[in-house]
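Colleague: I would like to learn how to read a model of this kind, going from the overall fold down to single residues. Could you take me through it step by step?

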Amino acid sequence: MRLTYTSDLWWKNAVIYCLDVETFKDGDDDGIGDFRGLTQQIDYLAGLGVTCLWLMPFFPTPNRDDGYDITDFYAVDPRLGTLGDFVEFMRTARDRGLRVIADLVVNHTSNRHPWFLDARSGRDSRYRDWYVWSDEPKPDDPSQIVFPDKEHSIWQFDDQSGQYYLHSFYRHQPDLNVANPEVRDEIARILGFWMELGLSGFRVDAVPFLIQNVHPALGSPHEFLADLRAFMTRRSGGSVLLGEVNVPYDELTGYFGEGLGDQLTLCFDFIGMQRAWLAMARGEAGPLAEALEQRPTPPKDCQWAVFLRNHDELTLDKLTENEREEVFDAFGPEPRMQLYGRGLRRRLPSMFGGDLRRMKMAYSLLFSLPGTPVVFYGEEIGMGENLDAEDRMAVRVPMQWSREGGFSQAEPERDSPGGAFSPGRVNVADQKRDGDSLLRWFQLLIERYRECPELAWGMHTVLDAGHPAVLAHRCDADGATVLAVHNLCDAELEIDLRLDGLESQILTDLLVGGRLEIGGNGGVRIAMSPYGCRWFRASEPEVPPEDASVKSR
Ligand code: NOJ
């Protein structure tokens, strides 16, 4: 039996859709999204073609970090519904063939979590050692401060118990101490609980922070991740850990682990994302091509998660200062568009000034770059941001279902963007009726991506396109080839490619139709429109292109 391209490894070519229950759809008319509303929209998501939903935190929270500050890991925030609503949602998602993963935020808790309230009640508290305390912390290294506009230290003095506690993020988010075996057991219990309720895995928040700065320091910090992975494998072999690990490539490989990959199943490609933005700012493929060449191949059962935008600021922290300025100049020149000196609090369409050609090209890149694409809700219709909202909340606006908004029958808790990106101009209902819309383009890209397992499973090679604005890459798997070409500039051009091993074959355009013949010497000339993108399948002249693909099972 051949075991390649099997959907047992469903995450290898999944399409992951990140959403916040709170901003997706209000089902009980109180202005706040909830599980009932989300359940009503499952058919929309299934119709879009996504295969896995990633839910941002939906647990009880004082909401001082949009739910990333949790007070109970085993419940649903009452504003979003009940555990019963959650289970109904899971049943409906499963019925439509959608997997669900959720944010696992266990680097820290809210300071209102009962564990922390107990821990700070006195040094002899049963939960004292669940957090990290110090009499005299080491001086702060400014590079460790994640939110420099709000915090100046990662240590906070606790008057009640007379020691400092560690908080890698806001001071109201004390770090859990995973050096404590009880904490590690509790984390496994949390995973086990939600897996019993049907989750296929977790997006793990802040992974490097989770295993660093604990007390006493872990002898081998990665062992904890491997233990979690092993625990999950025992419970459900097909479950995944998708890690938020924004570190350079050479450090990152350690987070996938050994052998077939015994720690995180997927890691976000933060470097590739930042290089893609630099490339798009310059209108030159070079920075992205370099990242693709430098990016390590993940272990056999693991995968890169590719994204252009997530729910946080678009971080540019791994670019040089000059490079970052280039991206700021191109896509967010005004100070109010920038955040923490390192990122942008805008969504992609507004950064492109609403230029549909550019948006379509950028998303074509997202789906053709080797890996598993991750989409942030609303990207499929080109939603913009609300710069009047506070810092990262600018991009976490209500989903725009119709010209009236359609998110809620009541006054929504959060405001939508105005102007060119208001619901009146950008919404699902209108785009469903428009064959040229971004929504329809997304559906096409997702369909093709799923039909071309070569993109996610194959070996990729960046080709010499002979023009600085063009990224051409091919993905090969078991003798089948898909080729993707992207023009990052606003000029019409023609490129000449050399496709070794494909001499005299046919290239079939997978997005708009048409065929090109590859010469007997492997050369082919390809016309590209301004900000154009083309995907091709290679096949022998006598083989229908549909039959030339590797078959996934
Ligand atoms: C990373 C999350 O993506 C971000 O939204 C959050 O504020 C921090 N972790 C703290 O949980």
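Modeller: Let us begin with one residue and its surroundings, keeping in mind that this is a predicted model. Leaving out residues up to four places away in sequence, Asp103 touches Trp54, Leu55, Met56, Pro57, Phe59, Tyr68, Arg203 and Asp205.

Colleague: Which secondary-structure element holds Asp103, and is the residue buried or exposed?

Modeller: Asp103 is part of strand 3, which covers residues 99–104. Its relative accessible area is 2%, and because buried means under 20%, Asp103 counts as buried.

Colleague: With which side chain does that of Asp103 form a polar contact?

Modeller: The partner is Tyr68, a residue that also appears in the contact list of Asp103, and the polar contact between the two side chains is 2.9 Å.

Colleague: Before we go on to other residues, how should I read the chain as a whole, and what does its radius of gyration say?

Modeller: The general idea is to compare the value with that of a compact globule with as many residues. For 553 residues such a globule would have a radius of gyration near 24 Å, and the chain has 24 Å, so the two agree. The C-alpha trace spans about 80 × 50 × 50 Å along its principal axes, and the chain contains 17 helices and 22 strands.

Colleague: What share of the residues is buried, and what share of the contacts joins residues at least 24 apart?

Modeller: Buried residues account for 62% of the 553 in the chain. Of the contacts between residues at least 6 apart in sequence, 69% join residues at least 24 apart.

Colleague: How many positive and negative charges are there, and where do their mean positions lie relative to each other?

Modeller: There are 57 positive and 88 negative charges, and their mean positions are 3 Å apart. As for the surface, the chain exposes about 21,300 Å², of which carbon and sulfur atoms supply 47%.

Colleague: Returning to single residues, where does Asp66 lie, and which side chains make polar contacts with its own?

Modeller: Asp66 is found in the loop that runs between strand 2 (52–55) and helix 4 (83–95), and with a relative accessible area of 6% it is buried. Its side chain makes a polar contact of 2.8 Å with the side chain of Arg396, and another of 2.8 Å with the side chain of Arg414. Beyond residues up to four places away in sequence, Asp66 touches Asp20, Glu22, Met56, Met393, Arg396 and Arg414. Met56 is also among the residues that Asp103 touches.

Colleague: And how should a separation along the chain be set beside a separation in space, for instance for Asp66 and Asp28?

Modeller: One reads the two numbers together: Asp66 and Asp28 are 38 residues apart along the chain, and their C-alpha atoms are separated by 20 Å. For Gln274 and Arg235, which are 39 residues apart, the C-alpha separation is 36 Å.

Colleague: What surrounds Gln274, leaving aside its neighbours within four places in sequence?

Modeller: Gln274 lies in helix 10, residues 270–282, and counts as buried at 0% relative accessibility. Apart from those sequence neighbours, Gln274 is in contact with Asn246, Thr315, Leu316, Asp317, Lys318 and Leu319.

Colleague: What is the setting of Arg346?

Modeller: Arg346 sits in the loop between strand 13 (343–344) and helix 13 (348–351), where it is buried with a relative accessible area of 11%. Its contacts, not counting residues up to four places away in sequence, include Arg309, Glu385 and Val395.

Colleague: Turning to the backbone, which peptide bond is cis, and what is phi in Asn213?

Modeller: The peptide bond from His215 to Pro216 is cis, with omega near -5°, and Pro216 belongs to the loop between helix 7 (207–211) and helix 8 (222–235). Asn213 is found in the loop between helix 7 and helix 8 as well; although it is not a glycine, its phi is positive, at about 55°. Asn213 is partly exposed, with a relative accessible area of 35%.

Colleague: Is Tyr531, with its positive phi, buried or exposed?

Modeller: Tyr531, a residue other than glycine with phi near 50°, counts as buried at 11% relative accessibility. Its place is the loop between strand 21 (523–528) and strand 22 (533–539).

Note on methods. Residues numbered from 1 in each chain as written. Predicted model: local features only at pLDDT ≥ 70, side-chain atom pairs only at ≥ 80, totals over all residues. Heavy atoms only, no water. Helix = DSSP H or I, 4+ residues; strand = E, 2+ residues; numbered from the N terminus. Rg over C-alpha atoms; globule rule 2.2 N^0.38 Å. Buried < 20%, exposed > 50% of the residue type's maximum accessible area, 1.4 Å probe, protein only. Contact = heavy atoms within 4.5 Å. Areas by Shrake-Rupley, 256 points an atom, 1.4 Å probe, with all protein chains shown as cover. Lys, Arg positive; Asp, Glu negative; His and termini not counted. Charge placed at Lys NZ, Arg CZ, Asp CG, Glu CD. Polar contact = N/O pair within 3.5 Å; in protein donor to acceptor, adjacent residues only side chain to side chain.
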